[in-house]
Amino acid sequence: MGSTIAKEKLLTIYRKMVLIRRFEERAGQQYGLGKIAGFCHLYIGQEAVVVGAVEATRPDDFMLTGYRDHGHALAREADPGMVMAELFGRTGGYSKGKGGSMHMFDIEHYFYGGYGIVGGQIPLGAGMAFASRYRNEDRITLCFFGDAAANQGSFHETLNMASKWKLPVLFICENNRYGMGTAFERVSAEPDIYKRAVAYEMRGEVVDGMDVRAVYDMVKDCAAEVRSDKKPVLLEARTYRYRGHSMADPATYRTKGEVEQQRHNDPIPKLRDQILKEKSIPEEELNRIDAEVKKIVDQAIQFADQSPEPSLDELWVDTIVEPGEPDVRPRERVLGIKVDWPTFPSGQELKVTWELEPKATATKKTG
Amino acid sequence: MAEMLYREALNQALAEEMTRDANVFLIGEEVGLYDGAFKVSQGLLARFGSARVVDTPISELGFCGLGVGAAMVGLRPVVELMTWNFALLAIDQILNNAAKLRHMSGGQLRCPIVFRGPAGAGGRLSSQHSQEFDVVYSHFPGVKVVAPATPSDAKGLLKSAIRDDNPVVMFESERLYAIKGDVPEGELLVPIGKAEVKREGNDVSIITWSRMYYFCEQAAAELEKQGIRAEILDLRTLRPLDEEAIIATVQKTNRVVVVEEGWPLGGFGAQLVDTIQSKAFDYLDGPVQRVTGLDVNMSYAANLENAIQPDAPRIIEAVKKVMYREEA
């Protein structure tokens, strides 16, 4: 690949990918124990996509995704114990146990959530990027979604507007090849999702989503263009989930052979081998990371186990914002840590200079 | 006081709030260059520019969702729906995203956004373009719902809606846009969640909202000639519901007629009847009467369209029934 990712960065990438993998394995196990319920979609196999993308962009770039969202929160450095507590439906979770697996939100880290309706978050991503242009910020929005979402109207309506209005959003389609149990090509006239960018006058790219260094390099390149040229890019990352669609899915629609073949392509051992082969980092260092991560995940489960269920009084808050009511900052609420919170200019401070349409088009024809 | 049209009052509210707060922008179909399908946004593009008065493609789901995303990160969008019928294509964004963000995020996010546009019969538009959605949106926690009848309330409620930190659904009406009324000069904020007694009376309470208010006034004027003094309570807001005002008028007159444009089964009026029977049963001198649209799809033919909608004679009939003054 010729990727030149610095050693420290590679270590961070490796650590995050292993953290997500171990976290998800243990989440699956806890589901089996009945501590997690409902729909629980594991990210195992897809780690390279979100970690590569997050490490290639700024921590204050807006980000959002669908319901397979634990890995996205963790990649943005959400507290693993609080993510696990949310899965357990406990008060120490990011949403006080009100959202669960599909609705992780960590606004402190500019992660604007996990959404439960396929493709429903795509227009939100364009709206966040719209706000960035409106305020003349140089941040971009990373809008993640799965392959199946590319067949929703929301995808097409949003790409059209985002391209026409030059909104700084990087659409990252995590193509894990199945929309629940239906293979994408079985229901798609054009299974190459990146090609759909052409219809909206956008740059479309495809990358091997099982190779984190390839993802990192590609996202770096795309994000730079989105940021500087203020226009959207569609990136398809070809990836694979080793588990079923959700914990309720035994995944009988795939052959053993297919899954086995994909196992050889596992992005984590692949990265580990690359690192060791290139001798950039000694094996002990990687082993040390593995051991640290194991401990972090053990502690996360312990934290979630010890966190109480939300009080019944919680039923009556967080539906309507009362006048003067502040926003809840989860790590302050749960851990007592003072945190920075995204702030935006008031309507009295803000000067809008953006012209969405050239004056000539947006003025009345006379005569 | 200044006399103005309902649409002019809305236009004034938008212009005032956009001047006061640069985070407020208007987005929707034909709001800019065309000056608004119903001229509510007349002149705003020229005044505020194309980033703040945004003409969209016909992609209701897309631009409603885009508004929600912008509201999540500090802007205050006003999304104009050419009619609420078209919002059926976008209802996931309004009710699954906007209405649930505060909850799903455990209080981390707020979504200050207004969705507004005309609902109900516009006039000879047949079945796809003539629907009320009062009960649809009011059913959901996480949104506020307003339905002003007069220019003054339209202005004051839109301004309050824009300043509210929650998603607000606002029902207007094609048939109301050209209604004239007095609007107080200066800053006008009508509180969300407060009904108003628009006509005082002791004999019977007529509870209504939006365009039906005018038929109630016609009916009340006619009834007065016959010696029946009707009180008209204009709800103005459907969620949160002003139960206090409802109970107060029931306690005063002991007889109630609920008038709504929408369908009878599970209609918003059915909810009002429940509120009244559960909270003011002892004050009732008879069963609450409902006047609703007929339980059929809207027709194009003028006589059919008229027959489907409530009017003053049907309201008068219901009042007489609730007062046991039916003529054989």
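Start with the contact between the two chains: select 47 residues of chain A and 45 residues of chain B, which together form it. The model is predicted.

**The chain A side**

Stay on the side of chain A that touches chain B. Select β2 (111-114), α5 (122-134) and α6 (153-164) of chain A; each of these elements supplies at least two residues to that side. Then keep α5(A) alone on screen: with nine residues, α5(A) gives the most to the side of chain A that touches chain B. Colour this side by residue class next. The colouring should split into 25 nonpolar, 13 polar and nine charged residues.

**Strand β5 of chain B**

Move to chain B and select residues 114-118, which make up strand β5. Is this strand mostly covered or mostly open? Five of its five residues are buried, so-called covered positions under the cut-off of 20 or more other C-beta atoms within 10 Å.

Add residues 76-80 of chain B, strand β4, to the selection. β4(B) and β5(B) run parallel and are joined by three bridges. To find one position in this pairing, label Val79(B), which stands opposite Phe115(B) of β5(B).

**From β5 to β7**

Now select residues 168-172 of chain B, strand β7. Over how many bridges do β5(B) and β7(B) pair? There are five bridges, and the pairing is in the parallel sense. Two labels help to follow it along the strands. Val114(B) has Val168(B) in β7(B) as its bridge partner, while Pro118(B) is bridged to Glu172(B) in β7(B).

Keep β7(B) selected and show its side chains. Val168(B), Met170(B) and Glu172(B) point one way from the strand, whereas Val169(B) and Phe171(B) point the other way. Residues on both faces are buried: five of the five residues of β7(B) are, so the strand is largely enclosed by the rest of the structure. Glu172(B), a charged residue, is among those buried residues.

**From β6 to β7**

Last, select residues 144-146 of chain B, strand β6. Three bridges join β6(B) to β7(B), and the two strands run parallel. Label Val145(B) and Val169(B), since the latter is the bridge partner of the former in β7(B). To trace how the chain gets from β6(B) to β7(B), add residues 151-163 of chain B, helix α7: the chain passes through this helix, and the β-α-β crossover is right-handed.

Conventions: Residues are numbered from 1 along each chain as its sequence is written. Chains are lettered from A and ligands numbered from 1 in the order in which they are written. This is a predicted model: local features need pLDDT of at least 70, side-chain atom pairs count only at pLDDT 80 or more; totals for chains, interfaces and linings use all residues. Two residues are in contact if their C-beta atoms, placed from the backbone, lie within 7 Å. Helices (H or I, at least four residues) and strands (E, at least two) are DSSP runs, numbered from the N terminus. A residue is buried if 20 or more other C-beta atoms lie within 10 Å of its own, exposed if 12 or fewer, and partly exposed in between; C-beta atoms are placed from the backbone. Two strands pair if DSSP finds at least two bridges between them. A crossover is right-handed if, with the strands pointing away from the viewer, the path from the first strand over the helix to the second runs clockwise.
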